[in-house]
Amino acid sequence: PGQSRPEGRAVSLRLIGLDPLALLASAAGARPLAPELVPQVDGGPEALLAASTVHLNAAARARLPAGATTLTLRLPIPGADTPRSLTLRVGGRVAAGNTPLGVLDIADAQALFGRLGALDRIDLQLAPGVDPAAFAASLAPRWRAVPPEDEGARLADLTRAYRINLGLLALMALFTGSFLVYAVLSLATAQRLPQWALVGVLGVSARMRWRLILTEGALIGLIG
């Protein structure tokens with residue numbers, strides 16, 4: 001990660017080095033690999049491989065000054081007190097992420113960050129019918145195979161939390177409505193105590209009067 005500094009403010013920016021040609025090749029097939037990370041550029045494949053060029057998502061572009069064509073990063077160096085400044089050209093756009101994100105060509109990223117020949121991750125697409133567990137077990141011990149992050153599961157967790165919040169709000173609304181209905185019926189009954197007393201004098205029992213009050217409340221509830 002680096003830090004861009006538009007208008008004097010430091011902003012964290014996540015940088016990903018990848019092979020754009022491999023992504024384009026997978027996008028031409030039936031199962032594209034990370035299509036949201038493919039840079040959208042003008043100029044064809046040559047623009048994807050341009051040196052010292054970073055392709056930004058909408059969140060990163062929103063933090064750039066209007067009309068900016070370059071981006072200055074301050075990269076932390078292990079063992080050094082001051083970070084290293086690095087200026088990159090702003091290239092195309094990527095659709096991934098809601099936080100500032102930049103995409104570089106993998107070879108360019110390795111050269112800029114001093115990690116020639118080093119890779120953090122290799123994304124694979126297994127052929128249909130291949131068992132992921134068996135494939136992972138067949139790898140050498142120095143390799144670790146893990147499934148990709150399930151975006152659908154993450155969204156399901158978010159929607160589940162949203163549904164729980166809605167359920168709690170619904171319960172609160174039900175409790176508040178029940179209290180209001182009870183208060184209104186109690187007030188209406190208290191205001192008609194003389195009438196209910198007269199009905200009792202005429203021979204209507206207390207149980208029957210109570211049933212009449214409940215029936216009235218139920219009818220008002222059904223109509224409302």
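A salt bridge is counted here where a side-chain nitrogen of Lys or Arg lies within 4 Å of a carboxyl oxygen of Asp or Glu. The model is a predicted one, and by this rule it holds 1 salt bridge. The partners are D123 and R121, whose closest N and O atoms are 3.0 Å apart; that distance qualifies because the cut-off is 4 Å. D123 is partly exposed, at a relative accessible area of 40%, while R121 is exposed, with a value of 60%.

Turning to the interior, the largest nonpolar core is made up of 15 residues. Within this core, the residues with the most contacts are L13, V54, L56, L71, L73 and L88. At least two core residues come from each of β2 (11–18), β3, β4 (70–75), β5 (84–94) and α4 (106–112). Another core, of 10 residues, lies apart from this one and includes A34, A96, L101 and V103. As a general pattern, nonpolar side chains in soluble globular proteins tend to be buried together.

A closer look at L88 helps to place the core residues. Beyond its neighbours within four places in sequence, L88 is in contact with S52, V54, T69, T70, L71, L73, L104 and L112.

Strand β3, which spans residues 53–57, also contains T53. T53 counts as buried because its relative accessible area is 7%, under the 20% limit. With residues up to four places away in sequence left out, T53 touches R89, V90, G91, V103, L104 and D108. One of these, V103, belongs to the core of 10 residues, and L104 is also among the contacts of L88.

Notes. Residues are numbered from 1 along each chain as its sequence is written. This is a predicted model: local features need pLDDT of at least 70, side-chain atom pairs count only at pLDDT 80 or more; totals for chains, interfaces and linings use all residues. Side-chain values use heavy atoms; hydrogens and water are left out. Helices (H or I, at least four residues) and strands (E, at least two) are DSSP runs, numbered from the N terminus. Buried means under 20% relative accessible area, exposed over 50%, partly exposed in between (1.4 Å probe, protein chains only). Contact means heavy atoms within 4.5 Å. A nonpolar core is a set of buried Ala, Val, Leu, Ile, Met, Phe, Trp, Tyr and Cys residues joined through side-chain atoms within 4.5 Å.
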